[in-house]
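Colleague: I should like to learn how to read a model of this kind, one feature at a time. Could we begin with a helix and its surroundings?

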Amino acid sequence: MGKETLAWLILFLPLAAAGTIALFTRKHPTVSVRLSICAVLASFVLTWAFAGAWNEAGRFSAAAEWISVGNFNIEMGITIDRLSWIMLLIVTGVGSAIHIYSYGYMKEDPAFSRFFASLSLFTFSMLGIVLANNFLQMFVFWELVGLSSYLLIGFWYGKASAADAAKKAFLTNRIGDFGFLLGMIAIWTAVGTVNFEEVRNAITANKGIFGTAASAIGFLIFMGAMGKSAQFPLHVWLPDAMEGPTPVSALIHAATMVAAGVYMLCRVFFIYGANPAWPEWLGVLDGISALQIIAWIGGITALLAALIAVQQNDIKRILAYSTLSQLGYMVMAVGLTGTDAAMYHLGTHAFFKALLFLGAGSVIHAMHHEQDIWTMGALKDKTPLTFWTFLIGTLALAGAPPFAGFYSKDAILAVAFEHAPFSLFPLAVIVAVLTTFYMTRLMLITFFGKERSDAAHHAHESPGVMTGPLVFLAILTVIGGFLGLGNIVNAETEHHAGSWISEAFAPFSHAPMAALSGIAAMLFGAFLAFGLYWNAERDPLPEMARTLSRGMRNRFYFDEFYETLIAGSQGALAKLADMVDRYLIAGLLVRGSSGFVEIGGRALRLVQSGNLQTYTFMLALGVALVLLIVFRTGL
Amino acid sequence: MSPILTSIVGLPLAGAVAVALVPRNYRFVIRAIAQAATFLSMLIAFWMFWQFIPGKDGFQFVSSFEWVKSLGITLKLGVDGLNVGLVFMGTIVAFAATSMSYMIKDREKDYYLLLLVMITGILGAFASLDIFFFFFFHELALIPTFIMIGVWGKGDDKNYATFNITLYLTLGALIALVGLIALYVQTGAKSFDIAAITAYVKANPIPVNTQNWIFPLLLFGFGILVSLWPFHTWAPLGYGAAPTATAMLHAGVLKKFGLYGILRIAVPLMPEAARSWMHVIAFLCLGNIVYCGLVAIRQRQLNLLIGNSSVAHMGLIFLGIASLSVVGVTGAVVIMIAHGLLAALSFAINGHLYHQTQTENMDQMGGLMKRMPFIGTVIVATMMAGCGLPGFANFVGEAMTLFAAFKNFHLVTALAVWGALVIGAVYMLRAIRNIVHGPMPEHWQRANDAQGPLRKLPFILLGGTLLVFGCFPGLLTEKIKFSVEPIVNMANSTPAPAHK
């Protein structure tokens with residue numbers, strides 16, 4: 001088999017699985033699950049055939065024409081380079097673990113086959129984004145990912161809250177997609193192509209190619225990431241997306257899909273190389289580049305989400321806000337031109353956040369679908385394997401050395417320190433404090449203290465098919481940091497093969513300020529949380545900081561604000577349009593004119609009767625009229 | 001001389017004659033005849049579509065029968081890239097609409113007779129290469145439309161809706177007719193043959209001031225037939241009251257007649273006027289895309305929602321035409337075909353739901369996915385296609401249209417993208433949420449899914465075609481673009497003399 005065939009197989013095997021399940025094996029759940037798992041595993045294995053891609057020489061690309069009309073030439077292409085290869089490994093690797101885990105988690109669900117068909121559809125769409133070689137192809141798969149996310153959030157569609165959450169996720173994403181599509185339309189209009197390489201070359205050749213639209217294009221493209229990666233102000237859908245089954249939250253809403261926005265920004269980062277300029281009517285923004293906006297939105301998201309996470313009580317929602325916050329970190333790093341740091345954190349985050357979500361799923365499974373942490377407690381002895389793997393995930397997220405999260409977070413802090421030492425860097429450190437704080441709180445309440453309910457008393461460890469993936473991801477989380485993941489992602493720095501020990505201490509010599517502040521922030525956050533939550537019966541925070549706590553608990557009222565906003569703008573416009581249609585156009589004009597015609601019709605009924613005749617008469621009248629005009633004007 | 005198009009158009013007509021000869025209580029025979037005629041017509045059209053050679057000059061599968069020699073009227077049928085897909089789509093919708101007619105239990109003979117005449121008219125209008133028959137076939141299809149809505153229609157507003165749609169469409173057709181006759185007289189080509197007129201006008205352009213009064217007649221005459229804003233209120237009302245098959249055929253296929261007329265006749269023959277009117281069209285189409293989209297958000301009735309969304313989609317086609325570029329106009333034709341299938345699918349769904357639940361009010365539905373896994377899946381797919389999900393043909397057309405329109409109309413395109421991606425998604429997703437998702441009320445325990453392969457076939461055919469064209473858009477664009485090119489070139493050609 002040629003290499004090209006293998007590459008196409010990586011992409012299309014999951015689609016084949018999804019199609020087969022949907023059409024033929026719906027009634028045979030065990031066949032369905034095997035098909036789905038085999039497809040993603042096969043893609044994972046095949047990805048290794050392209051391991052050479054992380055050298056520029058081993059880059060692989062293939063393409064087939066999709067649409068070709070005039071200068072609108074769109075390909076369905078495959079590009080495997082360092083960036084996409086890493087992403088392939090994450091998607092298929094973490095994906096495989098979660099597919100297997102789901103076998104155990106979803107076993108009793110009657111719609112087992114539908115679940116795996118959707119999961120395979122998701123894998124296909126996600127791989128399409130990763131492999132895309134042009135903007136429009138990326139948009140196609142971008143939308144398909146949105147569809148699979150919609151289907152999986154609304155998997156239990158009979159539940160009103162799940163159905164609403166699915167709808168909200170899709171619609172919020174569509175607002176981001178609006179900018180994304182408009183941005184690529186503007187790029188095509190300026191450059192005449194949507195192919196990544198060709199656009200990159202065009203910008204390199206002429207940095208002023210976008211003229212005064214450059215910064216607007218940069219921002220519009222970023223809007224896509226804002227939706228998919230749930231950045232402020234489009235962040236509201238992600239916490240609600242937790243209505244989906246927990247493996248879905250792990251795969252789609254933590255490890256891969258939500259990271260697609262960050263990946264996309266890294267993939268098309270070259271567009272930010274164009275000379276920044278705003279159109280005249282946006283003159284107030286002069287002097288601010290699109291990248292600065294991106295960095296600040298990332299930073300604000302990181303802070304805001306971390307604050308909200310502090311006062312959530314649903315185990316999955318805490319993790320969801322934590323995901324938002326970490327995505328904010330990545331986006332901030334992109335905005336500060338640290339794409340390598342962003343991709344590094346994307347990779348390690350995929351491991352430990354998937355691990356945490358699957359761990360949470362295992363806890364929820366043990367607790368018989370109870371998600372409130374204040375009903376849990378003392379689970380460390382009941383579910384030891386879950387506890388230890390969850391602890392590893394927490395340490396990684398908090399940024400404790402030598403876990404993977406430490407290295408990648410340190411990379412981001414270093415970037416922030418270098419480019420914005422007095423604004424975004426302190427903000428990022430505060431976020432690090434909060435991260436440790438809410439994760440320690442979660443750990444202490446869930447796994448330590450006393451059993452707070454019967455369910456906690458009767459909790460039991462999950463089966464091997466679920467704990468296996470936990471262990472696998474825990475291992476990745478431990479070793480991911482000094483496996484040199486950073487060096488694989490890092491395209492610019494030449495990697496000198498040093499010993500792994502010097503590798504492990506690299507952050508301290510490379511950017512000591514960042515590394516030390518990171519560790520200090522972690523210790524401080526943990527210290528605060530221990531003080532407040534060690535053996536706590538209730539949450540002491542609401543009494544200590546009433547207003548702030550209420551704001552955090554209510555997610556700073558964003559949902560309520562948006563509801564009012566939408567009702568006041570689009571909703572009001574729709575109401576107005578409907579009224580105009582109903583009463584003005586239809587009511588006055590049509591009924592008015594129909595009244596007129598009716599009188600005419602009644603008059604005509606003296607001679608003829610019925611609509612058809614009126615109609616024929618009018619037709620004849622028209623012809624006569626034209627002939628009259630024609631002959632009178634003598635043409 | 002090729003018998004292909006003659007049989008595609010002639011089979012439904014032969015079916016109508018046969019139905020007329022069968023006694024009215026042989027209901028099964030009547031239905032079988034209608035099904036067989038439309039099915040065969042569809043198979044032949046598929047063969048034609050398959051055999052069509054993209055890029056070949058002129059028309060293919062041409063057949064002609066001379067009628068009135070002195071006036072140059074000939075029944076001439078033929079296809080090029082512009083209408084081959086439309087005719088093929090028309091036959092699919094025709095078969096699907098006939099299949100969905102099982103709900104009609106009353107005066108079946110009259111119904112099927114009118115249905116088959118309507119289908120003949122529709123297919124004839126799109127296959128005709130002669131302006132006289134182009135218009136004649138359209139009228140042939142229109143009259144049964146009115147009667148069917150009036151007799152077999154539903155809802156409280158039935159009479160008002162019938163009156164409304166008759167008034168509007170007659171007015172539109174009349175204005176277009178005035179324009180066509182004026183065009184015939186003005187060109188002096190002494191022929192109704194579209195190819196002959198086009199060639200003649202190429203050599204002897206119509207003076208600009210003449211173009212300036214004929215073009216708006218055709219634009220607004222045809223525009224009314226396509227529910228161009230603000231002449232759109234007839235559409236949701238009329239479709240809402242129409243029987244399922246009629247709504248499928250009119251919203252899906254016959255409505256595209258006006259667009260086809262603009263592209264085939266108005267734009268290439270009157271390029272200067274077309275260029276100067278495109279700005280107006282671009283702004284009017286926002287009325288469709290944004291305004292009617294907003295109206296659709298407010299609808300509680302599924303039929304009115306579909307009707308308004310179908311009006312909104314017309315705006316995107318107008319936007320593609322307004323771009324006057326190969327990419328945009330090709331995209332517009334792709335949407336015409338895609339929307340035909342989509343509208344038919346939507347009204348078929350509405351028909352099934354109404355048949356099962358006796359209501360069209362979405363607030364009373366909910367959770368129907370449990371009772372109707374097949375129809376429920378079709379609903380999700382259809383609504384997703386309707387808000388531009390890639391994989392369905394609509395996305396391809398919409399993307400091409402929007403990409404091409406941006407060059408000349410920045411703000412309009414930006415708003416159109418908002419309309420297509422956000423407003424469209426708001427009402428489509430609300431429909432899914434209200435109809436198939438959420439808890440199911442007790443009283444729908446007896447609502448049934450589509451039973452058996454025959455009842456599922458229309459949905460599979462329409463949705464499957466939409467999916468195939470969406471994944472392999474080359475099947476359409478490779479045919480369309482070669483026929484669009486000369487039209488766009490003519491529209492962008494050098495100015496004509498101001499006076500004759």
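Modeller: Let us take α8(B), which is mostly covered, with 13 of its 18 residues buried. Please bear in mind that the model is a predicted one.

Colleague: What should the 18 residues of helix α8 of chain B span?

Modeller: One multiplies the rise per residue by one less than the number of residues. At 1.5 Å a residue, helix α8 (residues 208-225) of chain B should span 26 Å, and its end C-alpha atoms lie 25 Å apart, which agrees. After α8(B) comes Ser227(B), whose phi is positive, near 60°.

Colleague: How many helices and strands make up the secondary structure of chain B?

Modeller: Chain B has 19 helices and 2 strands. Its radius of gyration is 21 Å, close to the 23 Å that the globule rule gives for 500 residues, so chain B is as compact as a globular protein of that length. The C-alpha trace of chain B spans about 75 × 55 × 40 Å along its principal axes, and 66% of the 500 residues count as buried. Of the contacts in chain B between residues at least 6 apart in sequence, 83% join residues at least 24 apart.

Colleague: In which sense do strands β1 and β2 of chain B pair?

Modeller: The pairing of β1 (residues 60-68) with β2 (residues 73-79) in chain B is antiparallel, over 6 bridges. One bridge joins Glu66(B) to Thr74(B) in β2(B). The two strands form a hairpin with 4 residues between them, and Gly72(B) in the turn has a positive phi of about 75°.

Colleague: How many residues does the contact take from chain B and from chain A?

Modeller: Chain B contributes 56 residues and chain A contributes 48. On the side of chain B that touches chain A, α6(B) gives the most, with 12 residues. The residues on that side of chain B comprise 37 nonpolar, 14 polar and 5 charged.

Colleague: To finish with a single residue, is Thr25(A) buried or exposed?

Modeller: A residue needs 20 or more other C-beta atoms within 10 Å to be buried. Thr25(A) counts as buried because it has 20 C-beta neighbours inside 10 Å. Thr25(A) is placed in the loop between α1 (3-23) and α2 (29-47) of chain A. Not counting residues up to four places away in sequence, Thr25(A) touches several residues, among them Leu35(A) and Ser113(A). Thr25(A) and Ile187(A), 162 residues apart in sequence, are 44 Å apart in space, C-alpha to C-alpha.

Notes: Residues numbered from 1 in each chain as written. Chains lettered and ligands numbered in written order. Predicted model: local features only at pLDDT ≥ 70, side-chain atom pairs only at ≥ 80, totals over all residues. Pairing = 2+ DSSP bridges. Contact = placed C-beta atoms within 7 Å. Nonpolar A, V, L, I, M, F, W, Y, C, P; charged D, E, K, R; others polar. Buried ≥ 20, exposed ≤ 12 C-beta atoms within 10 Å, placed from the backbone. Rg over C-alpha atoms; globule rule 2.2 N^0.38 Å.
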